Number of protein chains: 2
Amino acid sequence: MNFCSNCGSKVAFGEVPEEDRPRYHCENCDTVHYQNPNMIVGCLPVWEDKVLLCKRAIEPRHGLWTLPAGFLEIGEKACDGALRETIEEANANVEIIRLFSVYDLPTVGQVYLMFLARLNGLDFGPGKESLEVRLFRQEEIPWDKMAFSAVKFTLERYFELGDSPQAAVFMGCLTRTWDNKS
Amino acid sequence: MNFCSNCGSKVAFGEVPEEDRPRYHCENCDTVHYQNPNMIVGCLPVWEDKVLLCKRAIEPRHGLWTLPAGFLEIGEKACDGALRETIEEANANVEIIRLFSVYDLPTVGQVYLMFLARLNGLDFGPGKESLEVRLFRQEEIPWDKMAFSAVKFTLERYFELGDSPQAAVFMGCLTRTWDNKS
């Protein structure tokens, strides 16, 4: 951030009265520019003993596999955003069962909200952000070709406990390395 | 948003190539300025048959009651943000039990993540954003003096089902009116 989105002056980054941490702020119009984490919402679409994955056609992680997910937009509910992304990336119609996992990426400033969902049929296919969309049994999952740690976390929890009631919502976090999930 | 935070030029709002909706964008440096919902994280601190509420010392909703909660910051996990807000607003040390409710405010562009938490002791008191902090039994809750619908929703679900395993995570949404929660 270089300029104030309100008045166009140069912004400074540092201590601001009444704020407990350094912020971008404008010394001309006194606006404090907060930067907050973004939500990524998506679905874990299931069909019998299979899950639906998308091969990414875009960066980052082009060619790797992911669950349909993307940034929540203003004006939509989290679950509606997850449905929208599932249509956009996989042309798949699903019915949301429940919130399944919440995964923090504090260093990136992202929180994933992933919803367990029932695929309504086998009529799906790649949207413009996907190269390929297909169903995988547990033993077929390309674990070493996962695009994002949040996706790997969500799939691991699903195949460990399935949709058992004890599952509640799994909370995960990427702290440093890919494999650190606590 | 009037000016580009990258180059300081005037921004436009409208159609942008590759985007599925109107966005703020800069015609000078080609930056698209996404606006995404914010997360508000907080706790529902419980002690025996009581819950801890804070009377707001700030706007909006000065003088009304709320659960300790505030904007998630970049660099922190959702649950750590909830703990921080609980200390800031109520000087209360709690232990988080689990994610309890997720509440969408799509028209405002906010999603609440509220965590059920166990109060670690009775040593608490108002932080600078609170006029008063106290424990309430269910029958003492000032329902008509609640600051936010997400707080009312969270308390209602708690007193309906308590911390039963069947509870999982309650999903709520403010669509139009205060009392519409579906």
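Two strands pair if DSSP finds at least two bridges between them. The exercises below use this rule and others on a predicted model.

**Exercise 1. How many bridges join strand E2 (residues 23-26) of chain A to E3(A), and what order does the open sheet of chain A have?**

Solution.
- Step 1: Between E2(A) and E3(A) there are 2 bridges, and the two strands run antiparallel. The rule asks for at least two bridges.
- Step 2: One residue position can be placed across this pair, since Tyr24(A) stands opposite His33(A) in E3(A).
- Step 3: The open sheet has 3 strands in the order E1-E2-E3 (chain A), with antiparallel pairing.
- Step 4: Strand E1 (11-14) and strand E3 (32-33) of chain A each have a single partner strand, so one side of each is left without a neighbour in the sheet.

**Exercise 2. Describe the sheet of strands E1, E2 and E3 in chain B.**

Solution.
- Step 1: In chain B, 3 strands form an open sheet in the order E1-E2-E3, and the pairing is antiparallel.
- Step 2: Strand E1 (11-14) and strand E3 (32-33) of chain B are the edge strands, and each pairs on one side only.
- Step 3: E1(B) is joined to strand E2 (residues 23-26) of chain B by 4 bridges, and these strands run antiparallel.
- Step 4: Across from Val11(B), in E2(B), stands Cys26(B).

**Exercise 3. Find how chain A can be laid on chain B, and which parts of chain A touch chain B.**

Solution.
- Step 1: A turn of 180° with a shift of 0.0 Å along the axis lays chain A on chain B with an RMSD of 0.0 Å.
- Step 2: The two copies are therefore related as by a two-fold rotation axis.
- Step 3: The same surface serves both copies, as 100% of the contact residues of chain A recur in chain B.
- Step 4: In the contact, 33 residues of chain A meet 33 residues of chain B.
- Step 5: Strand E4 (38-47), strand E8 (94-105) and strand E11 (170-173) of chain A each supply at least two residues of the side that touches chain B. The largest share, 4 residues, comes from E8(A).
- Step 6: By class, this side of chain A has 19 nonpolar, 10 polar and 4 charged residues.

**Exercise 4. What span does helix H1 (residues 78-90) of chain A reach, and which of its residues are buried?**

Solution.
- Step 1: H1(A) has 13 residues and reaches 18 Å from its first C-alpha to its last, close to the 18 Å expected at 1.5 Å a residue.
- Step 2: Its buried residues include Ala78(A), Cys79(A), Gly81(A), Leu83(A), Glu85(A) and Glu89(A).
- Step 3: Just after H1(A) comes Asn91(A), with a positive phi of about 45°.

**Exercise 5. Is Glu48(A) buried or exposed?**

Solution.
- Step 1: Glu48(A) lies in the loop between E4 and strand E5 (50-56) of chain A.
- Step 2: The cut-off for an exposed residue is 12 or fewer other C-beta atoms within 10 Å.
- Step 3: Glu48(A) has 8 C-beta neighbours inside 10 Å, so it counts as exposed.
- Step 4: From Glu48(A) to Ala150(A) there are 102 residues in sequence and 23 Å in space, C-alpha to C-alpha.

**Exercise 6. Which domains does the domain assignment give for chain A, and what distance separates their centres?**

Solution.
- Step 1: The assignment gives domain 1 (1-35) and domain 2 (38-173) of chain A.
- Step 2: Taken over C-alpha atoms, the centres of these domains of chain A are separated by 36 Å.

Terms used
Residues numbered from 1 in each chain as written. Chains lettered and ligands numbered in written order. Predicted model: local features only at pLDDT ≥ 70, side-chain atom pairs only at ≥ 80, totals over all residues. Contact = placed C-beta atoms within 7 Å. Nonpolar A, V, L, I, M, F, W, Y, C, P; charged D, E, K, R; others polar. Least-squares fit on C-alpha atoms with pLDDT ≥ 70 in both. Domains from an automatic or database assignment. Expected span 1.5 Å × (residues − 1). Buried ≥ 20, exposed ≤ 12 C-beta atoms within 10 Å, placed from the backbone.
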